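Please open the structure in your viewer and keep the selection tool at hand, since this tour moves from one selection to the next and says what can be found at each stop.

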Amino acid sequence: MADAETSGGGIKIDPMSQFQVQPLFGDSISVFTISNVTLWMALAVLSVIALMVLGTRGRAIIPSRSQSVAELTYGFVYKMVEDVTGKDGLKFFPYIFTLFLFILFANVLGLIPMSFTTTSHIAVTAVMGFGVFFVVTIVGFVKNGSGFLSLFWVSSAPLALRPVLAVIELISYFVRPVSHSVRLAGAIMAGHAVMKVFAGFAAIGLVAPLAIGGMVAIYGLELLVAFIQAYVFTILTCVYLKDALHPHH
Amino acid sequence: MATDTPDGGLSLTPMPQLEFATFPHQVFWLIVALVAIYFILTTIALPRIAAVLAERNGTITNDIAAAEELKLRAAEAEKAYEKALADARAEAQKIAGETRDAIKAQLDEATAKADADISAKAAESEARIAEIRESAMASVRDVANDTTGALVAALGGAAEAGDIADALEAELKGRG
């Protein structure tokens, strides 16, 4: 990761170059180009296969270690969906589990030195965020018809306040996909950039021990963030889905 | 945002996140990846894990039921054991009582027999003692009779044998 170089006493810190989308072959990016994005997304898919398919191939009553991890992951998300959205939300479980596994593995794979973090790109997180937004909105209208609009009409509030609250609720509803996606991309990007800055300072002899210690600490924190952001994205998806299935406050 | 400071300090590339030219590329591959994961999960992984979990729950439920049944049977067996123990104890007490009674009866019989023997022997002995005394008394009378007769004769008297016998009889009665 440390590509900061000392040159004539000066230091060169370039925290953003790690996020560059680069083609693996040739030098132009088109839609179907094989790039580092393709590579690391493919690795995330392979990791999902390794855990959820190869890990469970024993189908054992008493699970092996990998099967146990796969079952725990499954149970964790399944219970989250069931607890937050209720029984009727369980048919969206595969969709939510897909998002969770992709974000989790993309985040964790991104922590490998020299790797590329696909979830640090707003383009990626926005597709997922707006995907959730559209799914939730469509499900809300299909399930409840115009009754879904009662989500914005807070019937427990005094009548005079309701139009004001409706405007606020409406704005917050449309901000959801933005905050949903920017939160993930921002957290991942910031953490990686900070690590790169520390790596740059590690080139200066005097502060090197401090910088390296800081990097170790930040790396631990980033590992935590990798899991927490996957969890946050998933549970917010569940909360939005609950609003769509049960819009009445 | 690209700033190359002349003194060789920070040099920043613009945010690659905002290079809109790469967006279609990223979105395309993201959708491919998500569809791939979704397809793998729904066709292979999720049914398999759900089946394993259901099977495990079934096994656990069955095992708990079996354990429950075994526990019940153990309780029954313990009850039967307790009952057998109580029965055996009662039986033992009964046998002990019977044996005691039998021994007591035998003992009583033996005692009674011994008592009877003893009293019979005692009676026989008494009879013999009485006989001996009788004969001794008779001997004494004879001796006294003879002695008296001899004494009377020695003193020069003549006495009828009947008188002497009467006198002795009176004397013996007086001492009686």
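Helices and strands are here taken as DSSP runs, with at least four residues for a helix and at least two for a strand, and they are numbered from the N terminus. With that in mind, select chain A of this predicted model and follow the chain from its N terminus, where the elements run β-β-α-α-α-α-α-α. That comes to six helices and two strands for chain A.

**Stop one: chain A as a whole**

While chain A is still selected, turn it slowly; its C-alpha trace spans about 70 × 55 × 40 Å along the principal axes. Of the 249 residues in this chain, 49% are buried. The surface that chain A exposes comes to about 11,600 Å², and carbon and sulfur atoms supply 73% of it. Among the contacts in chain A with a separation of 6 or more, 68% join residues that are 24 or more positions apart.

**Stop two: helix α2 of chain A**

Next select residues 65–85 of chain A, which form helix α2, a helix of 21 residues. From its first C-alpha to its last, α2(A) reaches 30 Å, close to the 30 Å expected at 1.5 Å a residue. Which residues of α2(A) are buried? They are Q67(A), A70(A), E71(A), T73(A), Y74(A), V77(A), M80(A), V81(A) and T85(A). To see what covers these buried residues, show α1 (36–54), α3 (93–110) and α6 (208–245) of chain A, and then add α1 (23–154) of chain B, as the cover includes each of these. Just after the helix comes G86(A), whose phi is positive, near 90°.

**Stop three: charged pairs**

Side chains of opposite charge can pair when their charged atoms come close. A search over all chains of the structure finds six salt bridges, and three of the pairs can be visited here. Stay with helix α2 and select K79(A) and D83(A), whose side chains meet in a salt bridge at 2.8 Å, N to O. These two residues are four apart in helix α2 of chain A, so they are separated by about one helical turn.

Now select K87(A) and E82(A), whose side chains form a salt bridge with an N to O distance of 2.5 Å. K87(A) is exposed, with a relative accessible area of 61%, whereas E82(A) counts as partly exposed at 23% relative accessibility.

For the last pair, move to chain B and select D87(B) and K83(B), where the salt bridge has an N to O distance of 3.8 Å. Both residues lie in helix α1 of chain B, four residues apart, which is about one turn of the helix. D87(B) is partly exposed, with a relative accessible area of 43%, and K83(B) counts as exposed at 55%.

**Stop four: the largest nonpolar core**

In soluble globular proteins, nonpolar side chains tend to be buried together. The largest nonpolar core here has 61 residues, and those that touch the most other members are M41(A), M52(A), F97(A), L101(A), F102(A), M128(A) and L41(B). At least two residues of this core come from each of α1, α2, α3, α4 (122–144), α5 (162–201) and α6 of chain A, and likewise from α1 of chain B. The largest share, twelve residues, is supplied by α3(A).

Select F102(A) and show what surrounds it. Leaving aside neighbours within four places in sequence, F102(A) is in contact with residues of chain A including M41(A), A44(A), V124(A) and M128(A), and with residues of chain B including L30(B), A33(B), L34(B) and I37(B).

**Stop five: two buried polar side chains**

Select Q17(B), which lies in the loop between β2 (11–12) and α1 of chain B. Is Q17(B) buried or exposed? Q17(B) is buried, because its relative accessible area is 2% and buried means under 20%. A polar atom of its side chain lies 3.0 Å from the backbone oxygen of S120(A). Not counting residues up to four places away in sequence, Q17(B) also touches residues including M16(A), F19(A), H121(A), I122(A), M189(A) and F23(B).

Finally, select H180(A) in helix α5 of chain A, a residue that is buried with a relative accessible area of 1%. The side chain of H180(A) reaches the backbone oxygen of F233(A) at 3.2 Å. Apart from neighbours within four places in sequence, the contacts of H180(A) include G129(A), V132(A), L236(A), T237(A) and Y240(A).

Notes:
Residues numbered from 1 in each chain as written. Chains lettered and ligands numbered in written order. Predicted model: local features only at pLDDT ≥ 70, side-chain atom pairs only at ≥ 80, totals over all residues. Heavy atoms only, no water. Expected span 1.5 Å × (residues − 1). Buried < 20%, exposed > 50% of the residue type's maximum accessible area, 1.4 Å probe, protein only. Contact = heavy atoms within 4.5 Å. Polar contact = N/O pair within 3.5 Å; in protein donor to acceptor, adjacent residues only side chain to side chain. Core = buried A, V, L, I, M, F, W, Y, C linked by side-chain atoms within 4.5 Å. Salt bridge = Lys/Arg side-chain N within 4 Å of Asp/Glu carboxyl O. Areas by Shrake-Rupley, 256 points an atom, 1.4 Å probe, with all protein chains shown as cover.
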